[in-house]
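Let's take a friendly look at how charged side chains pair up in a protein model. Have the sequence and the 3D view ready as you read.

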Amino acid sequence: MMLNSDAVDLDLPPTHSETESSFSDCGGGAGPDGAGPGGPGGGQARGLEPGEPGRKDLQHLSREERRRRRRATAKYRTAHATRERIRVEAFNLAFAELRKLLPTLPPDKKLSKIEILRLAICYISYLNHVLDV
């Protein structure tokens with residue numbers, strides 16, 4: 001099943017009573033200029049167009065729930081996975097470069113990340129000792 005951003009926004013259309021209750025919570029409907037509460041671009045009605053189905057049911061959701069729904073889209077997950085992959089690759093490259101600077105026997109011995117860090121600490125301490133003597 002493929003998700004898109006429209007499918008996440010459209011749960012169930014609100015009933016007439018749900019629409020009234022969500023507007024009554026924010027102090028009424030549209031003001032004299034036709035905008036939502038607080039004037040143009042203000043309040044919870046910001047970003048809603050009269051012809052957008054499924055958007056009205058997002059008004060009653062908390063900021064956290066809107067964020068959770070936005071993060072549930074396939075587009076968001078794909079972008080997040082790409083950013084994470086780039087971050088991990090850069091992290092592994094930095095460890096590989098550090099590994100090349102550390103002397104071990106045999107030189108091509110595979111070391112874990114924690115072993116690389118511990119060996120680097122010991123090697124830096126050794127180099128400091130050599131400089132002090």
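Is Arg-87 buried, partly exposed or exposed? Arg-87 is partly exposed, since its relative accessible area is 47%, and values between 20% and 50% fall in that class. Keep in mind that this is a predicted model. Within this structure there are five salt bridges, and the points below walk you through several of them before turning to a nonpolar patch.

**The pair in helix H4**

- Arg-87 has a salt-bridge partner in Glu-84, and their closest N and O atoms are 2.8 Å apart.
- Both residues belong to helix H4, which covers residues 74-101.
- Because Glu-84 and Arg-87 sit three residues apart in that helix, about one helical turn separates them.
- Glu-84 is partly exposed too, with 32% relative accessibility.

**The network around helix H3**

- Moving on from that pair, you can find a network in which salt bridges with shared partners link Glu-64, Glu-65, Arg-67, Arg-68 and Arg-69.
- Glu-65 is a good place to start, as its side chain meets that of Arg-68 in a salt bridge with an N to O distance of 2.8 Å.
- Helix H3 spans residues 63-71 and holds both Arg-68 and Glu-65, which are three residues apart, or about one turn of the helix.
- Glu-65 also forms a salt bridge with Arg-69, this time at 3.3 Å from N to O.
- Glu-65 and Arg-69 are four residues apart in helix H3, again about one turn.

**How exposed the H3 partners are**

- Arg-68 has a relative accessible area of 48%, so this residue counts as partly exposed.
- Glu-65 is partly exposed as well, at 23% relative accessibility.
- Arg-69 counts as buried because its relative accessibility is 18%, and the cut-off for buried is under 20%.

**A nonpolar patch on the surface**

- Tyr-126, Leu-127 and Val-130 make a nonpolar surface patch of about 270 Å².
- To find this patch in the 3D view, look for Tyr-126 in helix H5, which runs through residues 113-132.

**To take away**

- Which residue is the partner of both Arg-68 and Arg-69? That residue is Glu-65, which meets Arg-68 in one salt bridge and Arg-69 in another.

Terms used
Residues are numbered from 1 along each chain as its sequence is written. This is a predicted model: local features need pLDDT of at least 70, side-chain atom pairs count only at pLDDT 80 or more; totals for chains, interfaces and linings use all residues. Side-chain values use heavy atoms; hydrogens and water are left out. A salt bridge is a side-chain nitrogen of Lys or Arg within 4 Å of a carboxyl oxygen of Asp or Glu. Helices (H or I, at least four residues) and strands (E, at least two) are DSSP runs, numbered from the N terminus. Buried means under 20% relative accessible area, exposed over 50%, partly exposed in between (1.4 Å probe, protein chains only). Patches are made of residues with over 30% relative accessible area and no salt bridge: like charges are joined within 9 Å, nonpolar side chains (Val, Leu, Ile, Met, Phe, Trp, Tyr) within 5 Å. Accessible areas come from the Shrake-Rupley method with a 1.4 Å probe; for residues, only the protein chains shown count as cover.
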